[in-house]
Amino acid sequence: MTRRKFAPAESEMADLGAPVRVSPLIRFGRWSFLAVGVAYGAYHQQRLAKREVGIREIEAQQKVIRDAKLAEEKKRNQAAEAKAIAELSAPTKK
């Protein structure tokens, strides 16, 4: 008989005995807490989702302003770069 290395033999396993019968009150309490936790999680998720919608609206408004500023800055940088290149490529007077 070949013995596996990862599973203990039946004689080596601890004898746990019969499972203990859990009180109906405790079982009811466990299920109640589970249900309350799920309901609270759904409520909290809904509340956070509403807040996130508001934040996204504000960010969308700010994005338009930010994009306009970046476009303007990009134009200024391109103009400055073109001017610098023109100055560098112009022949020097001696």
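What percentage of the 94 residues of the chain count as buried? In this predicted model, the share of residues that count as buried is 1%. The accessible surface of the chain comes to about 9,800 Å², and 61% of that area belongs to carbon and sulfur atoms. As for secondary structure, the chain has one helix and zero strands, and helix α1 covers residues 24-89.

Part of the surface is nonpolar: W31, L34 and V38 form a patch there, with about 360 Å² of accessible area together. Of these residues, V38 is found in helix α1, and V38 counts as exposed because its relative accessibility is 54%, where the cut-off for exposed is over 50%.

Charged side chains also pair along the helix, and the count comes to two salt bridges. Side chains of opposite charge can pair when their charged atoms come close. The two pairs are set out below.

| Salt bridge | N to O distance |
|---|---|
| R56 and E52 | 3.5 Å |
| K63 and D67 | 2.8 Å |

R56 and E52 are four residues apart in helix α1, so about one helical turn separates them. Within this pair, R56 is exposed, with a relative accessible area of 55%, whereas E52 is partly exposed at 35%. K63 and D67 likewise both lie in helix α1, four residues apart, which is about one turn of the helix. Here K63 is partly exposed, with a relative accessible area of 43%, and D67 is also partly exposed, with a value of 36%.

Definitions and conventions
Residues numbered from 1 in each chain as written. Predicted model: local features only at pLDDT ≥ 70, side-chain atom pairs only at ≥ 80, totals over all residues. Heavy atoms only, no water. Patch = residues over 30% accessible without salt bridge, like charges linked within 9 Å, V, L, I, M, F, W, Y side chains within 5 Å. Areas by Shrake-Rupley, 256 points an atom, 1.4 Å probe, with all protein chains shown as cover. Salt bridge = Lys/Arg side-chain N within 4 Å of Asp/Glu carboxyl O. Helix = DSSP H or I, 4+ residues; strand = E, 2+ residues; numbered from the N terminus. Buried < 20%, exposed > 50% of the residue type's maximum accessible area, 1.4 Å probe, protein only.
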